[in-house]
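Visitor: I am new to reading protein models, and I would like to look closely at one part of this one. Could you take your time over it and then show me how the rest is laid out around it?

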Amino acid sequence: MKRIYSQLYRLFDDCTPLKADCGKACDGACCTDEGGEGMLLYPGEQVMLKKADFLTLEQSEFTVEGNKVPIAICKGSCNRRFRPLACRIFPLFPYVKPGSRPVVIMDPRANAICPIARVMKPSDLEQQFVRRVNLTANLLYLIPKTRKFMEEQSKLLDDMCGSAQILSRILSD
């Protein structure tokens with residue numbers, strides 16, 4: 001998994017949601033994470049974050065197949081080379097219904113902190129970024145553990161927001 005995550009991480013080394021530094025518009029709201037909620041780690045991803053001393057790794061309450069999923073909580077600034085995948089693709093999310101391919105949506109959880117998520121849709125973002133998130137989602141979908149992880153997070157979004165709201169995000173993008 002380390003090799004796969006290394007390759008996926010590199011996709012986002014020079015690619016962000018906007019041409020400009022979006023963190024300047026909101027003073028890095030997604031990085032300060034004052035609520036302490038953090039970012040869920042994809043299966044096996046914690047091996048990539050051993051040098052990430054700017055993160056605290058904990059076990060979340062979110063479970064997949066009975067196992068608690070690790071969560072990375074940022075201390076406010078980071079070495080961008082060691083950001084978790086969820087940070088790299090933020091504010092997008094690979095939404096997956098069981099038996100269906102992933103569809104990249106604006107993550108509704110981002111609405112609380114990200115101005116981009118509140119006023120834009122994926123088609124408004126830097127298209128190279130969106131294409132790379134799509135590629136990442138489709139590659140991770142091929143791995144059973146990461147597919148299950150994405151399906152379970154998608155169920156969580158359905159529970160939080162309702163399927164109709166998620167469906168409207170898919171159809172409008």
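Which residues are linked with Glu-152 in a network of salt bridges?

Guide: Before we begin, please keep in mind that this is a predicted model. The network you ask about links Glu-152 with Lys-148 and Lys-155. A general idea helps here: side chains of opposite charge can pair when their charged atoms come close. In the pair formed by Glu-152 and Lys-148, the closest N and O atoms are 3.2 Å apart, which fits the rule for a salt bridge because that rule asks for a side-chain nitrogen of Lys or Arg within 4 Å of a carboxyl oxygen of Asp or Glu. Both Glu-152 and Lys-148 belong to helix H7, where they stand 4 residues apart, about one turn of the helix. The two partners are covered to unlike degrees, for Glu-152 has a relative accessibility of 16% and counts as buried, while Lys-148, at 24%, counts as partly exposed.

Staying in the same helix for a moment, we can turn to Ser-154, which is also found in H7, a helix that runs over residues 144-161. Ser-154 has a relative accessible area of 1%, and it is described as buried because the limit for that word is under 20%. If we set aside the neighbours within four places in sequence, Ser-154 touches Phe-93, Pro-94, Tyr-95 and Val-96. Among these contacts, Phe-93, Pro-94 and Tyr-95 bring us to strand E4, which covers residues 92-95. Just ahead of that strand, in the loop that comes after helix H4 (85-89), lies Pro-91. Pro-91 is joined to Phe-90 by a cis peptide bond, with omega at about 10 degrees.

Salt bridges are found elsewhere too, and by the same rule the count comes to 7. One of them is formed by the side chains of Arg-132 and Asp-14, with a distance of 3.1 Å from N to O. Arg-132 sits in helix H6 (residues 127-141) and Asp-14 in the loop between H1 and helix H2 (22-26), so this pair ties together parts that are 118 residues apart in sequence. Here again the partners differ in cover, since Arg-132 is buried with a relative accessible area of 17%, whereas Asp-14 is exposed at 62%.

Another of the salt bridges joins Lys-68 and Glu-61, whose closest N and O atoms are 3.6 Å apart. In this pair Lys-68 counts as partly exposed, at 44% relative accessibility, and Glu-61 counts as exposed, at 67%. Between strand E2 (55-64) and strand E3 (67-74) there is a loop that holds Glu-65. Glu-65 is worth a pause, for it has a positive phi of about 55 degrees although it is not a glycine. With a relative accessibility of 61%, Glu-65 counts as exposed.

Charged residues also appear in another setting, as Lys-2, Lys-50, Lys-51 and Arg-81 gather on the surface in a patch of positive charge. One of these, Lys-2, belongs to helix H1, which spans residues 2-11.

A further place to look is Met-120, in the loop between helix H5 (115-119) and H6. At 25% relative accessibility, Met-120 counts as partly exposed. Leaving out neighbours within four places in sequence, Met-120 is in contact with Leu-18, Met-106 and Leu-125. Met-106 is 14 residues away from Met-120 along the sequence, and the two C-alpha atoms are 8.3 Å apart in space.

Stepping back to the whole protein, we find 8 helices and 5 strands, and along the sequence they follow the pattern α-α-α-β-β-β-α-β-β-α-α-α-α. Of the 173 residues, 42% are buried. The accessible surface comes to about 9300 Å², and 52% of that surface belongs to carbon and sulfur atoms. Finally, if we take contacts between residues at least 6 apart in sequence, 68% of them join residues at least 24 apart. The salt bridge between Arg-132 and Asp-14, which we met earlier, likewise ties together parts that lie 118 residues apart in sequence.

Methods. Residues numbered from 1 in each chain as written. Predicted model: local features only at pLDDT ≥ 70, side-chain atom pairs only at ≥ 80, totals over all residues. Heavy atoms only, no water. Patch = residues over 30% accessible without salt bridge, like charges linked within 9 Å, V, L, I, M, F, W, Y side chains within 5 Å. Areas by Shrake-Rupley, 256 points an atom, 1.4 Å probe, with all protein chains shown as cover. Lys, Arg positive; Asp, Glu negative; His and termini not counted. Charge placed at Lys NZ, Arg CZ, Asp CG, Glu CD. Helix = DSSP H or I, 4+ residues; strand = E, 2+ residues; numbered from the N terminus. Buried < 20%, exposed > 50% of the residue type's maximum accessible area, 1.4 Å probe, protein only. Contact = heavy atoms within 4.5 Å.
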